[in-house]
Each structure stands twice: as C-alpha cells, then as structure tokens.
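Biologist: Please show me the chain. I want to ask how its labels are earned.

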Amino acid sequence: MLNITISEQAGRLIAALVGDFDNVASTQAKRGLEPVFDCTDCDVVIDCTELNYISSSGLRIILDVFKHTRSNGHKAILRNLSEDVKEVFDLSGFLQLFTIEN
C-alpha cells in the first residue's frame with residue numbers, strides 16, 4: 001500500500017511517498033500525484049523517507065514526474081532515499097537524472 005501526501009514548502013511542491021510503490025499502487029499514485037502534474041511553476045521534491053519499495057511501474061511514474069517538471073523548466077528532486085530504493089534508481093539509470101537531497 002502506498003500513501004502520498006502533497007504539501008508546499010519554500011516554493012517547492014513536496015510529494016511524500018509512504019509504503020510500497022508497487023504495480024497495484026501505481027493506479028492510485030497517478031491520482032495522488034495529480035497536483036504535481038498540475039504544477040507548472042515550481043520544483044518538485046519526491047520525499048522517499050518512508051518509501052520501502054519501488055517497482056518498475058513506480059519508476060515509470062516517477063520518470064513521468066521528472067519529464068513534466070523538466071519540461072516546465074524546473075527541477076525534480078529525490079529526497080532521503082534508502083539504500084534499497086537508491087539501488088533500484090541506480091540500476092535503472094534514473095538516479096543520474098534527478099537532483100538528490102538527504
């Protein structure tokens with residue numbers, strides 16, 4: 001199960017992901033991330049502090065966030081990746097696309 005909380009902080013949109021971002025959660029995630037896709041004038045931080053797992057379908061949605069944010073001239077930032085989640089991003093080649101914050 002995945003929970004998504006959206007907030008705004010210092011002119012950035014923060015999407016906190018909690019739980020497992022698996023295939024089942026992907027449909028729900030699109031709806032939960034709608035404010036991110038609606039935002040065209042801010043950087044987006046994907047807070048992974050409490051993200052336990054991410055599947056290929058979850059990666060695809062995060063890549064969509066990256067593409068949307070970049071196309072509007074802003075940054076997509078990954079925050080607080082666990083070693084396991086960081087390894088998935090690294091193996092997929094996506095880690096180098098994002099700004100990383102701890």
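Modeller: Start with the largest nonpolar core, in what is a predicted model. This core has 31 residues. F21, I46, I62, F89 and F98 have the most contacts inside it.

Biologist: What makes a set of residues a nonpolar core?

Modeller: The residues must be buried and of a nonpolar kind, such as Ile or Phe, and be joined through side-chain atoms within 4.5 Å. The largest such set in this chain reaches 31 residues.

Biologist: Which elements give two or more residues to this core?

Modeller: Strands β1 (2–9), β2 (12–21), β3 (43–54) and β4 do. So do helices α1 (23–32), α3 (56–71) and α4 (83–92). The largest share comes from α3, with six residues.

Biologist: What does I62 touch, leaving out residues up to four places away in sequence?

Modeller: I62 touches L17, F21, I46, I54, L78, F89 and F98. Contact here means heavy atoms within 4.5 Å.

Biologist: Now take I77. Where is its place?

Modeller: I77 is in strand β4, which covers residues 76–79.

Biologist: Why is I77 called buried?

Modeller: Buried means under 20% relative accessible area. The value for I77 is 0%, so I77 is buried.

Biologist: Which residues does I77 touch, again not counting those up to four places away?

Modeller: I77 touches R12, D43, V44, V45, I46, F98, T99 and E101. I46 is thus listed for I77, and I46 is also listed for I62.

Biologist: How far is I77 from S7?

Modeller: Their C-alpha atoms are separated by 14 Å. Along the chain, I77 and S7 are 70 residues apart.

Biologist: How many of the residues in the whole chain count as buried?

Modeller: Of the 102 residues, 44% do. The cut-off is again under 20% relative accessible area.

Biologist: What is the pattern of helices and strands along the sequence?

Modeller: The chain reads β-β-α-α-β-α-β-α-β. That gives four helices and five strands.

Biologist: Why is the chain called as compact as a globular protein of its length?

Modeller: Set the value against the rule. The radius of gyration is 12 Å, and the globule rule gives 13 Å for 102 residues. The two are close, so the chain is as compact as a globular protein of that length.

Biologist: What share of contacts joins residues at least 24 apart?

Modeller: The share is 69%, counted among contacts between residues at least 6 apart in sequence.

Conventions. Residues are numbered from 1 along each chain as its sequence is written. This is a predicted model: local features need pLDDT of at least 70, side-chain atom pairs count only at pLDDT 80 or more; totals for chains, interfaces and linings use all residues. Side-chain values use heavy atoms; hydrogens and water are left out. The radius of gyration is taken over C-alpha atoms; the globule rule is 2.2 Å times the number of residues to the power 0.38. Buried means under 20% relative accessible area, exposed over 50%, partly exposed in between (1.4 Å probe, protein chains only).
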